[in-house]
Amino acid sequence: MARYGAQFGPDVTFLGVPPCDVTDPGSLAGADVVVVGAPFDGGTSHRPGTRFGPQAIRSTDYLAHDGSRPHLALRTDALRDLDVRDAGDVEMPPGDILSSLAALRDAVAAVSRAGAIPLILGGDHSITYADASGVADHLGQGRVSLVHFDAHADTGDLEFGSLWGHGQPMRRLIESGAVRGDRFLQIGLRGYWPGPETLDWMAGQRMRSFEMTEIVARGLDDVLTEASAIAVDDCDGVFLSVDIDVADPGHAPGTGTPEPGGLTARQLLDAVRRLARDLPVVGMDIVEVSPPYDHADITAALANRVVLEMLSATARRRLDTADDAVGRPRWDPALPLLSGRDPQGPAAGQPG
Ligand code: MN
Ligand code: MN
């Protein structure tokens, strides 16, 4: 795959993980997770700028970009416990949404075929059509559930006279058969869109959409329990899609369509951690980070940590479900930070 060079897809990798090339299957062999950048904001309806998202998410981190991130709470080093590589950015021609999505879908399908989890950095949310379709190309149409964090349902039909844009990918995924409507879970919806006709369509597809009022009334944990049970029922994997605008604009101002009253950064990280640890995740994306509208890198820093939470929890899941995990104590969220650490030896510095 071509690299943009230093403009949209700088030849730096996510926090220093090794590079790879999706057009070279040999370079994907053995990878657990492959990061793919999708610098595309041609589907945006309001404020643009998410084409600068991938580079901001890759590199907004105050620690050394050394390919290592030991997680204090989860006791994993995702970038070492997992084989994580970065394929750079897909070439997505501005103004040509169909060829852009086709190129991304091919790249994602190549990662999926190689047996790795594609982790796509957006880009506006139109890219999720390509992301989930690319995974379904390998795992089977209708065999992957989708858990979708967003302020918006993104189930519009025609917008601005077009079927393609960041307000419509979820409808296109269901219509195409890539994802079943009754295995489509939406978390964090709120505000004033979409209207009744679209909500009726969603009901007809038997989607399960959790609006913020229900989340507040029942508690986020209860909602995640229900969503997880649906997601793993008669499915071969789960795709996790995080629109950063699910977080309150106070926690994520750098986005195109901010909607007040969302999740806190803490809630979003905890939710992503729980799902990635509990569910068989086969693909993930993080979208709608728009650096030109960001302030003090607040949004880019949160997105970087959402990615690390996905990876760290995926690493934790593999440790806790490994063949030799039987008899070993499983990870416990109530474990104090320093318990079980060796105050004497150098092993105290090792994750585990
Ligand atoms: Mn969205
Ligand atoms: Mn949104």
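The following paragraphs describe the sheet, one helix and its surroundings, and several backbone features of a predicted model.

Residues are numbered from 1 along each chain as its sequence is written, and chains are lettered from A and ligands numbered from 1 in the order in which they are written. Because the model is predicted, local features need pLDDT of at least 70 and side-chain atom pairs count only at pLDDT 80 or more, while totals for chains, interfaces and linings use all residues.

A good place to begin is the sheet. Eight strands form an open sheet with parallel pairing, in the order β2-β1-β3-β8-β7-β4-β5-β6. Strands here are DSSP runs of E with at least two residues, helices are runs of H or I with at least four, and both are numbered from the N terminus; two strands pair if DSSP finds at least two bridges between them. In general, strands of a sheet pair through backbone hydrogen bonds, either parallel or antiparallel. At the edges of the sheet stand β2 (84-89) and β6 (208-211), each of which pairs on one side only. On average, and with direction ignored, neighbouring strands are turned by 15 degrees against each other; axes are lines fitted to C-alpha atoms, for helices over the stretch in contact, and angles run from 0 to 180 degrees between N-to-C directions.

The edge strand β2 pairs with β1 (residues 33-38) in the parallel sense, over four bridges. Among the bridge partners, Val34 is matched with Arg85 of β2, and Val35 with Asp86 of β2. Although β2 is an edge strand, six of its six residues are buried, so β2 is mostly covered. Burial is counted with C-beta atoms placed from the backbone: a residue is buried if 20 or more other C-beta atoms lie within 10 Å of its own, exposed if 12 or fewer, and partly exposed in between. Helix α11 (residues 298-321) lies across β1, β2, β3 (117-122), β7 (237-243) and β8 (281-287), and runs at about 170 degrees to β8.

Attention now turns to helix α5. Its 13 residues should span 18 Å at 1.5 Å a residue, and the end C-alpha atoms are 19 Å apart, which agrees; the expected span is 1.5 Å times one less than the number of residues. Helix α5 is largely enclosed by the rest of the structure, because 10 of its 13 residues are buried. Ile127, Thr128, Tyr129 and Ala130 are among these buried residues. Asp137 also lies in α5, but counts as partly exposed, with 17 C-beta neighbours inside 10 Å. After α5 comes Gly140, whose phi is positive, near 115 degrees.

One partner of α5 (residues 127-139) is helix α6 (residues 169-176): their axes come within 8 Å and cross at roughly 35 degrees. This crossing of α5 and α6 is right-handed, meaning that the near helix is turned clockwise from the far one by less than a right angle (anticlockwise would be left-handed). Thr128, Tyr129, Ala132 and Ser133 in α5 meet Pro169, Arg172, Leu173 and Ser176 in α6, where contact requires C-beta atoms, placed from the backbone, to lie within 7 Å. By class, four nonpolar, three polar and one charged residues make up this contact. Ala, Val, Leu, Ile, Met, Phe, Trp, Tyr, Cys and Pro count as nonpolar, Asp, Glu, Lys and Arg as charged, and the others, Gly among them, as polar.

The loop between β3 and α5 holds both Gly123 and Asp124. A cis peptide bond joins Gly122 and Gly123, with omega about 15 degrees. Asp124 counts as buried because 31 other C-beta atoms lie within 10 Å. Beyond its neighbours within four places in sequence, Asp124 is in contact with residues including Phe40, Asp41, His166 and Glu288.

That last residue, Glu288, is found in the loop between β8 and α11. Glu288 is buried, with 31 other C-beta atoms within 10 Å, and has a positive phi near 70 degrees. Most residues other than glycine have a negative phi, and most peptide bonds are trans. Phe160, in the loop between β4 (144-149) and α6, also has a positive phi, near 50 degrees; Phe160 counts as exposed, with 9 C-beta neighbours inside 10 Å. Finally, the peptide bond from Trp193 to Pro194 is cis, with omega near 5 degrees, and Pro194 lies in the loop between β5 (184-189) and α7 (196-204).

Conventions: Two residues are in contact if their C-beta atoms, placed from the backbone, lie within 7 Å.
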